[in-house]
Amino acid sequence: MAISSKVLISVKHLVKEYNHGTVHALDGCDLDIHKGEVVAIIGPSGSGKSTLLRSLNLLEEPTSGAIYFDGVDLASKQVNIDQHRQKMGMVFQHFNLFPHKTVLQNITLAPITLKKKTPAEAETQARTLLERIGLSDKANEYPNMLSGGQKQRIAIVRALAMDPEVMLFDEPTSALDPEMVGEVLDVIKGLVETGMTSVIVTHEMRFAREAADRIIFMDGGVIVEQGSPEQVFENPQQERTKEFLQSYRETSSAQA
Ligand code: ADP
């Protein structure tokens, strides 16, 4: 899919501190995400990946710096952040489905209440989405009847039901049993192939390499290096990137 020259999200010198400035989760990140682009954020644990992703829809409020969505400064007092969040589908590590609602209700709730779709419209869309991921038969079940992989696939289509302009994935497979990782990555791959702008924090290096247009490597709250998958994985320029990829290769070959 072609990447547009249009910048959808622009992050300007983003700083995020926790615990009264004692923890520097983000130490000045600059990043432009283009419409249609698939960006994977990789890096060691604690490097700021989730904080950066969660800042994009202001789930984390920046200490300083700015985030523009389609040219609009999200921190501005005039902006209705809830309306903007609707344009950004978010998928979390732990699915966050509503346990007392059926799969169908989970998917149709926000489109009906926030987008004012009619229940019939929302249900038709939900059933189409469920069919796309092969889970039509689960429409009337409750989340506790589903496997982790199925829950995450439902969480993805629930976000899609809001017709977002961008999808944000925060380690979508790290809470899953290994045998379920593939089915979730396949759904994400299918989605990004449709041209959906996506930002994905992941530990799945092979997936990042295959699915992303651009890899961002973070360490210590900064973007250390970025480039195409070939550039970053085959010819990393920074020592920290080389070390990280090396230790990843050692760990995964030890597990194989
Ligand atoms: P990653 O996603 O790369 O594992 P995070 O963005 O989760 O990293 O965390 C970056 C840093 O910020 C870490 O040092 C983490 O401990 C710290 N941090 C994240 N969230 C909070 C929080 N709510 N309160 C205090 N520190 C936090």
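Trainee: Which residue in the turn between strand 4 and strand 5 has a positive phi?

Mentor: The model is a predicted one. In it, strand 4 and strand 5 form a hairpin with 2 residues between them. The residue in that turn with a positive phi, of about 55°, is D70.

Trainee: Which residue in strand 5 does F69 stand opposite?

Mentor: Strand 4 covers residues 64-69, and strand 5 covers residues 72-73. The two pair in the antiparallel sense over 2 bridges. Opposite F69, in strand 5, stands V72.

Trainee: How many bridges join strand 1 to strand 4?

Mentor: Strand 1 is made of residues 7-18, and it runs antiparallel to strand 4. One facing pair is I9 with F69 of strand 4. The number of bridges that join the two strands is 5.

Trainee: In what order do the 4 strands of the open sheet stand?

Mentor: Strands of a sheet pair through backbone hydrogen bonds, either parallel or antiparallel. In this open sheet the pairing is antiparallel. Strand 1 is joined to strand 4, and strand 4 pairs with strand 5. With strand 2 included, the order is 2-1-4-5.

Trainee: Which strands stand at the edges of that sheet?

Mentor: An edge strand here has a single partner strand, so one side of it is left without a neighbour in the sheet. That applies to strand 2 (23-34) and strand 5.

Trainee: Which residues of helix 1 are buried?

Mentor: Helix 1 spans residues 49-56, and 6 of its 8 residues are buried, so it is largely enclosed by the rest of the structure. Just after the helix, L58 takes a positive phi of about 60°. The buried residues of helix 1 are K49, T51, L52, L53, S55 and L56.

Trainee: Leaving aside neighbours within four places in sequence, which residues is S55 in contact with?

Mentor: S55 lies in helix 1. Its relative accessible area is 1%, which is under the 20% cut-off, so it counts as buried. With neighbours within four places in sequence left aside, its contacts are L14, L26, E60 and I67.

Trainee: Is F95 buried or exposed?

Mentor: F95 has a positive phi of about 65° although it is not a glycine. It is found in the loop between strand 6 (88-91) and helix 3 (103-113). Its relative accessible area is 12%, and buried means under 20%, so F95 is buried.

Trainee: What is the relative accessible area of D163?

Mentor: D163 is another residue with a positive phi, of about 50°, although it is not a glycine. It lies in the loop between helix 5 (148-160) and strand 7 (166-170). D163 is partly exposed, with a relative accessible area of 40%.

Trainee: Which helices do the buried residues of helix 3 pack against?

Mentor: In helix 3, the buried residues are V103, L104, N106, I107, T108 and P111. They pack against helix 4 (119-132) and helix 5.

Trainee: Leaving aside its neighbours within four places in sequence, which residues is V232 in contact with?

Mentor: V232 lies in helix 8, residues 229-234. At 0% relative accessibility, it counts as buried. Leaving aside neighbours within four places in sequence, V232 is in contact with I215, Q226, G227, T241 and L245.

Trainee: How far apart in space are V232 and S5, C-alpha to C-alpha?

Mentor: In sequence, V232 and S5 are 227 residues apart. In space, C-alpha to C-alpha, they are apart by 22 Å.

Trainee: What is the radius of gyration of the chain?

Mentor: The chain has 9 helices and 10 strands. The globule rule gives 18 Å for 256 residues, and the chain comes close to that, so it is as compact as a globular protein of that length. Its C-alpha trace spans about 55 × 50 × 40 Å along the principal axes. The radius of gyration is 18 Å.

Trainee: Among contacts between residues at least 6 apart in sequence, what percentage join residues at least 24 apart?

Mentor: Of the 256 residues, 50% count as buried. Among contacts between residues at least 6 apart in sequence, those that join residues at least 24 apart make up 67%.

Trainee: How far apart do the centres of the positive and negative side chains lie?

Mentor: The chain exposes about 12,300 Å², with carbon and sulfur atoms supplying 49% of it. It has 26 positive and 34 negative side chains. The centres of the two sets lie apart by 5 Å.

Key:
Residues are numbered from 1 along each chain as its sequence is written. This is a predicted model: local features need pLDDT of at least 70, side-chain atom pairs count only at pLDDT 80 or more; totals for chains, interfaces and linings use all residues. Side-chain values use heavy atoms; hydrogens and water are left out. The radius of gyration is taken over C-alpha atoms; the globule rule is 2.2 Å times the number of residues to the power 0.38. Buried means under 20% relative accessible area, exposed over 50%, partly exposed in between (1.4 Å probe, protein chains only). Contact means heavy atoms within 4.5 Å. Accessible areas come from the Shrake-Rupley method with a 1.4 Å probe; for residues, only the protein chains shown count as cover. Lys and Arg count as positive and Asp and Glu as negative; His and the chain ends are not counted. The place of a charge is taken as NZ of Lys, CZ of Arg, CG of Asp or CD of Glu. Two strands pair if DSSP finds at least two bridges between them.
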